[in-house]
Amino acid sequence: MVELSPSILSANFSNVIGDIQKIKSKNLKMLHLDVMDGIFVNNISFGFKMIEDLRKNCDYFFDTHLMIHEPLRYIERFKEAGSDLITIHVESTKEVSKTIDAINSLNIKSGITLRPSTNLNEVYKYLDKVDLVLVMSVEPGFGGQGFIEESHDRIKKLRKYIDENNLKTKIEVDGGIKSHNVSKIVEDGADIIVSGSDIFSKDDINKQIETYYDIFKNYK
Ligand code: DX5
Ligand code: ZN
């Protein structure tokens, strides 16, 4: 079954837990937490304290997407704050292997991601070490951007590579995904769908989450 990972980047930051508590869906298991440092990307979002405080108030699987320079410095603190999965950008450090090893050594899930302009060859070598590969379908930094159509080919290529090499790596896709374009992305081979503005900007957040799961029911 495909999973949804709603990005709280588009939630009301003065009452994030209030938005999360509107979710009654029994289908939803995870939340996507976008951490930005203003250096690796041209935006600043939130850090440990937000994650720590959310952890005390909800039980979702925390899918933490680090858009920060040299993430190795902070892996332990993100785990301590409550992350269940930490994804790093392949372009964010020269110490990619070491950073993935650091995540894996903490007994949480690990992920590798790449910008839309980065060649897929940059991540193939890490796929047997990580639980997940995150395909960015917008330039990282902001919610509410349009889906980059070339991402379809990238997802399909990764799916093929993973299947042909008998890997267990999940494919997550992030950026510009809406209920009206999600089907094709699932057909490309995505296992986890990130969606931010199309969920948290809706009046009925819970209903929108169920809309996604209704679509996912059409697939395995
Ligand atoms: C962008 C973030 C995304 C973003 C997605 O850098 O990684 O997770 O929140 O937002 P939407 O779904 O609005 O494109
Ligand atoms: Zn993200």
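In this predicted model, ligand 1 sits in the largest cavity. That makes the cavity a handy place to start. The structure holds one cavity of 30 Å³ or more, and about 210 Å³ of space lies in the largest cavity. Its lining takes in 25 residues, and the ones closest to the centre are Phe142, Gly143, Gly144, Asp174 and Gly175. As for where the lining comes from, strand 2, strand 3, strand 8 and helix 8 (197–200) are the elements that give it two or more residues. Sorted by character, the lining of the largest cavity splits into nine nonpolar, twelve polar and four charged residues.

Now for the ligand itself. Ligand 1 is surrounded by 20 residues, and Asp34, Gly141, Asp174, Gly196 and Ser197 are the closest of these. Asp174 thus turns up both here and among the residues closest to the centre of the largest cavity. Strand 2 (30–36), strand 3 (61–67) and strand 8 (192–195) each put at least two residues into the shell around ligand 1. Strand 2 gives the largest share of that shell, with three residues. The make-up of the shell is seven nonpolar, eleven polar and two charged residues.

A few contacts can be picked out atom by atom. On the backbone side, an N or O atom of glycine 141 lies 2.7 Å from an oxygen atom of ligand 1. Glycine 176 also has a backbone N or O atom by the ligand, 2.8 Å from one of the oxygen atoms of ligand 1. A side chain joins in as well: a polar side-chain atom of histidine 32 lies 3.4 Å from an oxygen atom of ligand 1. Taken alone, ligand 1 exposes 380 Å², and the protein buries 100% of that.

Beyond the cavity, there is also a pocket to look at. The largest pocket has a volume of about 510 Å³. Its lining is made of 24 residues, with Asp131, Leu132, Lys170, Asp191 and Ile192 lying nearest the centre. Ile192 belongs to the stretch covered by strand 8 (192–195), one of the strands that supply the shell around ligand 1. In character, the lining of the largest pocket comes out as twelve nonpolar, two polar and ten charged residues. For the lining of the largest cavity, by contrast, the split is nine nonpolar, twelve polar and four charged.

Note on methods. Residues numbered from 1 in each chain as written. Chains lettered and ligands numbered in written order. Predicted model: local features only at pLDDT ≥ 70, side-chain atom pairs only at ≥ 80, totals over all residues. Heavy atoms only, no water. 1 Å grid on protein atoms, 1.4 Å probe; cavity = no way out; pocket = protein on both sides within 12 Å on 5 of 7 lines; lining within 4 Å. Points joined across faces, edges and corners; volume = space filled by probe spheres on them. Nonpolar A, V, L, I, M, F, W, Y, C, P; charged D, E, K, R; others polar. Near = heavy atom within 4 Å. Polar contact = N/O pair within 3.5 Å; in protein donor to acceptor, adjacent residues only side chain to side chain. Areas by Shrake-Rupley, 256 points an atom, 1.4 Å probe, with all protein chains shown as cover. Sits in = over half its atoms within 2 Å of the grid points. Helix = DSSP H or I, 4+ residues; strand = E, 2+ residues; numbered from the N terminus.
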